[in-house]
There are 2 protein chains.
Amino acid sequence: MAQNRQWLFNKRPKKDIEADTLILQDTNLPEPGDGEFLLRSIYVSMDATNRLWLGDWDLYMEPITPGQPMKGFTLGEVVKSRNPAFPVGALAAGLAPWAEYSVHDGIGFSVMPNIPGLKLAEAFGVLAIAGPTALVGLMEVGRAKKGDTVVVTAAAGAVGMLVGQIAKIHGCKAIGIAGGAEKCRWLTEEFGYDHAIDYKREDVVQRLRGLAPEGVDVHYENVGGELLDAGLSVMKNFGSVVICGLISTYNSAAGDRIPGPYMFRNLIMRRLRVEGFVILDYVDKYPQYQQQLAGWMLEGRLKGRMHVEPGIERAVDALKMLYTGANTGKLMVQFGREPQGS
Amino acid sequence: MAQNRQWLFNKRPKKDIEADTLILQDTNLPEPGDGEFLLRSIYVSMDATNRLWLGDWDLYMEPITPGQPMKGFTLGEVVKSRNPAFPVGALAAGLAPWAEYSVHDGIGFSVMPNIPGLKLAEAFGVLAIAGPTALVGLMEVGRAKKGDTVVVTAAAGAVGMLVGQIAKIHGCKAIGIAGGAEKCRWLTEEFGYDHAIDYKREDVVQRLRGLAPEGVDVHYENVGGELLDAGLSVMKNFGSVVICGLISTYNSAAGDRIPGPYMFRNLIMRRLRVEGFVILDYVDKYPQYQQQLAGWMLEGRLKGRMHVEPGIERAVDALKMLYTGANTGKLMVQFGREPQGS
């Protein structure tokens, strides 16, 4: 009987992830060396950016090459340790192979604080990636301020659901764009958005013009393509456009020429600042962000809607969900049981 | 005999300016009312943005509509005045009809200071528009600092020729992109650029990679299209991209869909800030910029290469030159003689 299983990156996909892109294989249980620890994976975050790591694009980090295990942002339990900063029993979060067990030296990992009152999946789902991404993007990159009108695409997604709530906490008007009536209902009923636009059914530009007749101050982009063009069409002079993600373009091959926004000239006409960011650059300030976010969660002002797929076997199918919009909340895969008592 | 002539905007062009787009017509000499003055046009600046005013795009200002006179940034002499701020004999600069004579109330106009040692055409050509545009774009929008590598497109153009010199004044490395061997020679021999790239003959991305192996800090864009894509390909992480002009897209009809940069995803991958600006927004700080620029000119550290076309009849043909690159310096049309003694 195998002691460990992992997803191997087998072959680059042309566009969408294919049957032979990633393969689940049996492997040995690794042994931590000096300064290392053995992590038992519990939750693995599924993020749109994961797909990018499988391409041969010029990326914000080293891509994964075929023959290496697939990776993801992971919460696990330390089960063996030769690193005093990560003692046995600690919950640690960081970038790890898509495996039941993996060995780490601790670089890029942090011990996840125990926050009484928060479920583990919710704490990980909000605090690890999506929450800091929403907060940094809206407040530091977007510089949203009280009274601003904020537009968010993929507003029912892991990051978008939080951006709307954080915008409301700061006194902004929040307009969310999502696909389908159900997701739009979550926006206004669960995530505090003032207005929801269903891009599958409505004329987005026309709705935005009606909801924000004086224009939009901050546009938070997770999708790209037509929704970004709609956003650029209704910006106020001197507005900010935050480029957090461009998921509509991630399922493409390295040679594909993907046009940028057709409304690009509005950068001049409306004197816009368009700025991209990567949350990994802000890792030093994570404790401060997480404290802020956890505080709002405990006060009931910020909530995450989670979507947990069970079992390491589900990882590839789960990742694909992000590209069809089939997930119904912040998506993660449970690779192993939660520790007893948590 | 007519007392005045002006260019009337007759009919919107489909793409390039056509024979019936603008027509030169005889008209009466206007009479200044209370608070107004009569301006005799001397130099009219030809700027790429003028073409935009003839479209029905959503603009940074009110477009001109057919039936109105064409407009341009103009230096003239006050020849009659009922406005004490603009006495007879003063040189005044502002947006005026393409006419030999026009009446103004002074709003948006400033008296041009007499700067001993500077020729009138050069003072107007550098200080009125191009100089403040170069300075604001590079230093305030682009936030260039000592040691930065700066790339400029249309580097032999009215603005580009100044950006390189201002970059050198601030201790940057300046790389200019222009079309043709002669313009490239100006870049390094007249405008102080460290390196020139001839986009008509060279592989721009490859040259940029060779000249800036560690990447580019500030990209100053005047053109758009392929040159902007080349620039986005070689940016350093956290670099700034200044969108001053997109002249490659201005000769297009309102319905045309013009793709934005194909390397748009590099906003995320390289964490770029891309920001557009319009120099009219900075008009309050003009005196300060002009003093700075004039100082550098008098010290011999900043020079403009001028291209003056003679006579109001030449205005339309002159404007078209900007779109073929036929002009050989900052382009203006001389509508009337310089005042005696200037």
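What follows walks through how the two chains of this predicted model meet, and then looks at some helices and backbone angles within them.

Start with the way the two copies are arranged. In general, two copies of a chain are related by a rotation about an axis and a shift along it. Here, a turn of 180° with a shift of 0.0 Å along the axis lays chain B on chain A with an RMSD of 0.0 Å. That makes the relation one of a two-fold axis. Looking for the part of chain B that comes nearest to this axis leads to Gly260(B), whose C-alpha sits 1.9 Å from it.

The contact itself draws 26 residues from chain B and 26 residues from chain A. On the chain B side, the elements that put in two or more residues are α7 (266–269) and β13 (273–276). Of these, β13(B) gives the largest share, at 4 residues. Sorted by class, the chain B side comes out as 16 nonpolar, 3 polar and 7 charged residues. The copies meet through the same surface, because 100% of the interface residues of chain B are interface residues in chain A as well.

Strand β13 also links the two chains through backbone pairing. β13(A) and β13(B) run antiparallel to each other and are joined over 3 bridges. One of the pairs sets Arg273(A) opposite Glu275(B), its bridge partner in β13(B).

Now to the inside of chain B, beginning with helix α3. This helix covers residues 160–169, and 8 of its 10 residues are buried, so the rest of the structure largely encloses it. The buried stretch consists of Gly160(B), Met161(B), Leu162(B), Val163(B), Gly164(B), Gln165(B), Ile166(B) and Ala167(B). The cover over these residues includes two helices of chain B, α2 (120–141) and α4 (181–189), along with the strands β8 (149–152), β9 (173–178) and β11 (216–221). After α3(B) comes Gly171(B), which has a positive phi, near 80°.

Helix α2(B), part of that cover, also packs against helix α8 (residues 286–298) of chain B. Their axes are 9 Å apart and cross at an angle of about 95°. Angles of 65 to 115 degrees count as roughly perpendicular, and α2(B) and α8(B) are therefore roughly perpendicular to each other. From α2(B), the contact uses Val126(B), Leu127(B), Gly131(B), Pro132(B) and Leu135(B). From α8(B) come Tyr286(B), Tyr289(B), Gln290(B), Gln292(B), Leu293(B), Ala294(B) and Met297(B). By class, this helix–helix contact has 9 nonpolar and 3 polar residues, with no charged ones.

Finally, a couple of backbone angles in chain A deserve a look. Most residues other than glycine have a negative phi. Phe238(A) is not a glycine, yet its phi is positive, at about 70°. Phe238(A) lies in strand β12 (residues 235–243) of chain A. It has 15 C-beta neighbours inside 10 Å, so it counts as partly exposed.

Arg271(A) is another non-glycine residue with a positive phi, in this case near 50°. Arg271(A) sits in the loop between α7 (266–269) and β13 (273–276) of chain A. With 21 C-beta neighbours inside 10 Å, Arg271(A) counts as buried, because the cut-off for that class is 20 or more.

Note on methods: Residues are numbered from 1 along each chain as its sequence is written. Chains are lettered from A and ligands numbered from 1 in the order in which they are written. This is a predicted model: local features need pLDDT of at least 70, side-chain atom pairs count only at pLDDT 80 or more; totals for chains, interfaces and linings use all residues. A residue is buried if 20 or more other C-beta atoms lie within 10 Å of its own, exposed if 12 or fewer, and partly exposed in between; C-beta atoms are placed from the backbone. Two residues are in contact if their C-beta atoms, placed from the backbone, lie within 7 Å. Ala, Val, Leu, Ile, Met, Phe, Trp, Tyr, Cys and Pro count as nonpolar, Asp, Glu, Lys and Arg as charged, and the others, Gly among them, as polar. Two strands pair if DSSP finds at least two bridges between them. Copies are superposed by least squares on the C-alpha atoms of residues with pLDDT of at least 70 in both. Axes are lines fitted to C-alpha atoms, for helices over the stretch in contact, and angles run from 0 to 180 degrees between N-to-C directions. Angles under 35 degrees count as roughly parallel, over 145 as roughly antiparallel, 65 to 115 as roughly perpendicular and the rest as oblique.
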